[in-house]
Amino acid sequence: MFESLSGRLSGVIDGLGKRGALSEADVAEAMREVRLAMLDADVALPVVKDFVNKVREGAVGHEVLDSISPGQAVAKIVNDALIDALGGAGAVPLNLNAVPPAPILMVGLQGSGKTTTSGKIALRLSTREKKKVLLASLDTQRPAAQLQLQQLAERAGVMSLPIVAGQAPLEIAARAMDTGRREGFDVVILDTAGRLSIDEALMEEVRQIRAATSPVETLLVVDAMTGQDAVNTAKIFNEAVGVTGVVMTRMDGDARGGAALSMRAITGAPIKLTGSGEKLDALEEFHPERVAGRILG
Ligand code: GDP
């Protein structure tokens with residue numbers, strides 16, 4: 001997994017001298033490489049700094065076994081720390097713990113893949129967990145948004161809330177929850193409007209919807225290609241609405257996935273799922289060890 005980092009670190013520090021415990025100089029040299037690899041993978045700068053500082057402290061003085069080189073030893077420490085920072089080994093499932101219907105609130109910037117992900121989650125819950133799922137678009141900003149979700153619902157074989165022209169997002173949310181209760185749905189997925197950039201009106205709207213529906217999950221959908229501004233997006237959404245989980249989309253692209261670490265570090269919320277394509281079944285559990293390998297390159 002981290003052979004390439006291990007090779008690079010060995011090139012940098014294995015020639016530095018005696019074996020035994022890792023010296024401050026060994027670790028400092030190695031951390032320069034790690035920092036570059038992480039910035040290259042688009043991990044946000046403050047997150048890189050924090051990660052590198054923590055790993056540096058833990059690595060200095062670490063005894064290197066005879067069977068491996070100092071470069072290999074540091075690479076293992078870095079890899080383990082990164083997996084840990086990404087949430088450890090196990091995938092965290094969606095929380096549906098509520099008196100039905102369990103509301104799931106989808107938030108994120110426009111184009112992040114929010115609507116598609118709503119459809120993917122609906123398909124997954126209805127087929128794998130046999131849940132009765134209602135999809136509702138609260139996006140009154142983009143004229144075609146409600147129609148797009150309705151079509152996705154048809155493809156996923158789940159119900160969508162009938163479209164009523166002229167209703168405001170809060171009214172649609174209330175109607176979705178009412179329908180969910182009345183018609184015995186297990187889960188109601190509320191797809192909120194996204195904007196191209198964050199603005200206060202959008203945040204206020206999401207805040208009100210959250211207060212009115214008390215979601216069990218507030219999922220922040222983020223494009224894996226999002227780089228340094230990932231921090232800002234995550235911070236603002238998290239402060240405004242309290243993110244409970246993150247979905248990283250477009251992991252099928254060539255993005256190295258550094259945004260995953262930024263998201264996790266900023267929100268403290270687990271990355272619950274990843275999108276790996278445009279099709280409705282292209283949704284996977286998050287595997288920290290795979291993404292760690294991708295970030296370290
Ligand atoms: P929204 O504005 O956040 O609701 O974004 P959409 O759901 O409309 O998605 C925007 C575009 O990204 C669409 O063309 C989707 O098909 C595409 N998309 C969404 N998720 C993924 C993914 O995981 N991989 C790829 N390759 N494309 C995706």
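Ala, Val, Leu, Ile, Met, Phe, Trp, Tyr, Cys and Pro count here as nonpolar, Asp, Glu, Lys and Arg as charged, and the others, Gly among them, as polar. The model is predicted, so that local features need pLDDT of at least 70 and side-chain atom pairs count only at pLDDT 80 or more, while totals for chains, interfaces and linings use all residues. Residues are numbered from 1 along each chain as its sequence is written, and side-chain values use heavy atoms, without hydrogens and water.

The largest pocket (an open set of points on a 1 Å grid over the protein atoms alone, with protein on both sides within 12 Å along at least five of seven lines) holds about 410 Å³, a volume being the space filled by probe spheres set on points joined across faces, edges and corners. Its lining, meaning residues with an atom within 4 Å of a point, comprises 23 residues, with Gly111, Ser112, Gly113, Thr116 and Arg250 nearest the centre. By class these are two nonpolar, 13 polar and eight charged, and α5 (114-128) contributes the most, five residues; helices are DSSP runs of H or I, at least four residues, and strands of E, at least two, numbered from the N terminus.

There are also two cavities of 30 Å³ or more, a cavity being a set of points where a 1.4 Å probe fits but cannot get out. The largest cavity, of about 60 Å³, draws at least two lining residues each from β2 (133-137) and α6 (145-156), and its lining divides into six nonpolar, four polar and one charged.
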